[in-house]
Amino acid sequence: MKYRTAFIRLAQSAICGVLLLSSALTIGFFTPRRWNTAQSCSDHPYQIYVEGDAMHVNLIMPVDNGVYDWQKFLNLEKIGSDTHENYRYLKMGWGDRIWYTEVPDWQSMNVFDIARVLFKPGNASVMYVQGYAERPQELRCVGVDREQYLAFVKFVQNSFDRDAQGNVIHLKDGAATTDGFYAATGQYSALRTCNSWSAEALDAAGINTPLWSALAPAVMRQLPN
């Protein structure tokens, strides 16, 4: 009887813990870090574009918007295997290095990959960069001022790892001819995902983000349509 009572109490405590965690995550999913009105692109001189689906959030910015030129930071001729494209926009994302560079698609993920990403601490990270001649379609647009945009740029730049000379480290070309991977700072885990990074970059620019940003829909719902 004593062991049964202890087991019941342990089970009740576990259930309560799961319910509390679920409640906290749900609140964090819907609650913004700021309560300011979403920034309209038409009311601000500079734009940050956001691409998101059910799984992943990417950030898109102009190569040169008059306040910062990304050609000062990245050699656009060496992003991917195509060295002749005239890029006007860049898409960037941060994530688990093995997942990004070695797993071709979601269908190829196996239980060992998922377990490593979720439960192994200290996974190496990578920056993904893709160039575009024209701005991609179906993006969310957020307007910012000069100071906000430069804060966003600084955060993204600090996400790239550097060599001893201070240069970014290109790891490999991507699957497309216009994309590639770079060494990144920070470690990927279930507590800091690719979507968390995107939310942190937007937050650096004063843009609304959720308290809990591990899931893409949580980030996207805080942005203007």
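A residue is taken as buried when its relative accessible area is under 20%, and because the relative accessibility of Leu59 is 0%, this residue counts as buried. The model in which Leu59 is described here is a predicted one, and the account below proceeds from the protein as a whole to the strand that holds this residue and then to its surroundings.

The secondary structure of the protein consists of six helices and seven strands, which follow one another from the N terminus in the order α-β-β-β-α-α-β-β-α-β-β-α-α. Of the 225 residues in the protein, 44% are buried, while the area that the protein exposes comes to about 12,400 Å², with 56% of it supplied by carbon and sulfur atoms. When contacts between residues at least 6 apart in sequence are considered, 76% of them join residues that are at least 24 apart.

Leu59 lies in strand β2, which spans residues 57-62. In β2, six of its six residues are buried, so that the strand is mostly covered according to the threshold of under 20% relative accessible area. In a regular strand, side chains alternate between the two faces of the sheet. Both faces of β2 are covered, with Val57, Leu59 and Met61 buried on one side and Asn58, Ile60 and Pro62 buried on the other.

Strand β2 pairs with two strands that can be described in turn. Strand β1, comprising residues 46-52, runs antiparallel to β2 and is joined to it by four bridges; the two strands form a hairpin, with four residues between them, and Gly52 stands opposite Val57 of β2. The pairing of β2 with strand β3, which comprises residues 89-96, is likewise antiparallel and extends over four bridges, with Pro62 of β2 standing opposite Tyr89 of β3.

The surroundings of Leu59 include residues from these paired strands as well as residues from elsewhere in the chain. Once neighbours within four places in sequence are left aside, Leu59 is in contact with Tyr49, Val50, Leu90, Lys91, Met92, Phe152, Trp197, Ser198, Ala201 and Leu202. Among these residues, Tyr49 and Val50 fall within the range of β1, whereas Leu90, Lys91 and Met92 fall within that of β3. Ser198, another of the contacting residues, is 139 residues away from Leu59 along the chain, yet the C-alpha atoms of the two residues are separated by 6.9 Å.

Definitions and conventions: Residues numbered from 1 in each chain as written. Predicted model: local features only at pLDDT ≥ 70, side-chain atom pairs only at ≥ 80, totals over all residues. Heavy atoms only, no water. Buried < 20%, exposed > 50% of the residue type's maximum accessible area, 1.4 Å probe, protein only. Contact = heavy atoms within 4.5 Å. Areas by Shrake-Rupley, 256 points an atom, 1.4 Å probe, with all protein chains shown as cover. Pairing = 2+ DSSP bridges.
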